[in-house]
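Open the model in your viewer and keep the selection box handy. We will go from one stop to the next, with a word on what to select and what is there.

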Amino acid sequence: TYTFKEGGGMENFRLSRAPISIKSLMTSLLSVIGLTYILLLLHVWHDTEMKASLIAQAYSTMESIELTNITHTYLPYYALYLFAIPVVLFMFTSYSEKVKRIFAVLPFIFCVIDIGSMWSIPYLNKGFSLALWLAGTCLASTFLTLYILNIYDIWFRKQK
């Protein structure tokens with residue numbers, strides 16, 4: 001494995017040891033991303049009430065151009081805006097490497113399942129609406145977990 005040379009790398013940098021200005025910036029950034037996520041959930045609630053049957057109804061009649069447009073919007077929205085920043089910040093926490101490995105890939109797997117399920121509803125089976133609902137629930141749970149773990153590490157973790 002590659003490691004930075006002594007004194008020149010960030011292998012020892014932890015958010016829990018960062019100055020208050022950095023901690024405040026990271027907390028503000030995570031909170032704004034969290035508010036963005038809440039707005040997305042409100043939008044989904046408005047469209048489908050988060051019911052698999054209404055999800056199936058909404059997506060089953062979509063044409064490929066509509067699905068492409070939604071994919072083009074939501075894939076980078078999820079992967080870059082909602083998860084890349086919290087995941088990158090998580091890599092600078094004091095949690096174990098095993099936990100970091102899980103969060104390094106898990107949200108992005110859920111993103112692919114989410115988008116894949118959306119495409120599967122009109123072309124394979126309306127039953128994929130349950131997979132879409134589950135993937136969305138897993139995405140929300142993962143974001144909430146990342147938010148809580150990051151905030152805990154930034155503000156409450158004992159410095160070593």
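**First stop: Glu49**

Please select Glu49 to begin. Glu49 counts as partly exposed, because its relative accessibility is 35%. Keep in mind throughout that this is a predicted model. Where along the chain does Glu49 lie? Glu49 belongs to the loop between α1 and α2.

Now look at the backbone of Glu49. Its phi is near 50°, which is a positive value in a residue other than glycine. Most residues other than glycine have a negative phi.

Next, add Lys51 to the selection and show both side chains. Glu49 and Lys51 meet in a salt bridge, at 3.1 Å from N to O. Lys51 is partly exposed too, since its relative accessibility is 41%.

**Second stop: Met50**

Select Met50, which is also found in the loop between α1 and α2. Met50 is not a glycine, yet its phi is positive, at about 55°. Is Met50 buried, partly exposed or exposed? Met50 is partly exposed, because its relative accessible area is 31%.

Show the surroundings of Met50 next. Leaving aside residues up to four places away in sequence, Met50 touches Leu41, Val44, Trp45 and Trp133. Remember Val44, as we will meet that residue again in the pocket.

**Third stop: the whole chain**

Zoom out and switch to a cartoon view. How many helices and strands does the protein chain have? The count is five helices and zero strands, and reading along the sequence gives the pattern α-α-α-α-α. If you would like to colour the helices one by one, use α1 (20-48), α2 (52-60), α3 (64-90), α4 (97-123) and α5 (128-155).

With the C-alpha trace on screen, turn the chain along its principal axes: the trace spans about 55 × 35 × 25 Å. Of the contacts with a separation of 6 or more, 78% are between residues 24 or more positions apart.

Try a surface view as well. The accessible surface of the protein chain comes to about 9800 Å², and 68% of that area belongs to carbon and sulfur atoms. Of the 160 residues in the chain, 33% are buried.

**Fourth stop: the largest pocket**

Select Val44, Thr48, Tyr59, Tyr78 and Leu132 together. Among the 23 residues that line the largest pocket, these five are the closest to its centre. The pocket holds about 500 Å³ of space.

Which helices supply the lining? Each of α1, α2, α3, α4 and α5 gives at least two residues to the lining. The largest share, seven residues, comes from α1. Colour the lining by residue class and you will find 17 nonpolar, four polar and two charged residues.

**Fifth stop: helix α4**

The structure holds three salt bridges, and the one between Glu49 and Lys51 is already on your screen. For another, select Glu97 and Arg101. Their closest N and O atoms are 3.5 Å apart. Both residues lie in helix α4, four residues apart, which is about one turn of the helix.

How do the two partners compare in exposure? Arg101 is exposed, because its relative accessible area is 55%, whereas Glu97 counts as partly exposed, at 47% relative accessibility.

**Last stop: Asp153**

Finish by selecting Asp153, which has its place in helix α5. Is Asp153 buried or exposed? Asp153 counts as buried, because its relative accessibility is 0%. Add Arg157 and you have a further salt bridge, with the closest N and O atoms of Arg157 and Asp153 at 3.2 Å.

Then show what surrounds Asp153. Not counting residues up to four places away in sequence, Asp153 touches Leu15, Ser16, Phe92, Thr93, Ser94 and Tyr95.

For a closing view, keep Asp153 selected and bring back Met50. The two are 103 residues apart along the chain, and 32 Å separates their C-alpha atoms. In this pair you have a buried residue in Asp153 and a partly exposed one in Met50.

Key
Residues numbered from 1 in each chain as written. Predicted model: local features only at pLDDT ≥ 70, side-chain atom pairs only at ≥ 80, totals over all residues. Heavy atoms only, no water. 1 Å grid on protein atoms, 1.4 Å probe; cavity = no way out; pocket = protein on both sides within 12 Å on 5 of 7 lines; lining within 4 Å. Points joined across faces, edges and corners; volume = space filled by probe spheres on them. Nonpolar A, V, L, I, M, F, W, Y, C, P; charged D, E, K, R; others polar. Buried < 20%, exposed > 50% of the residue type's maximum accessible area, 1.4 Å probe, protein only. Contact = heavy atoms within 4.5 Å. Areas by Shrake-Rupley, 256 points an atom, 1.4 Å probe, with all protein chains shown as cover. Salt bridge = Lys/Arg side-chain N within 4 Å of Asp/Glu carboxyl O.
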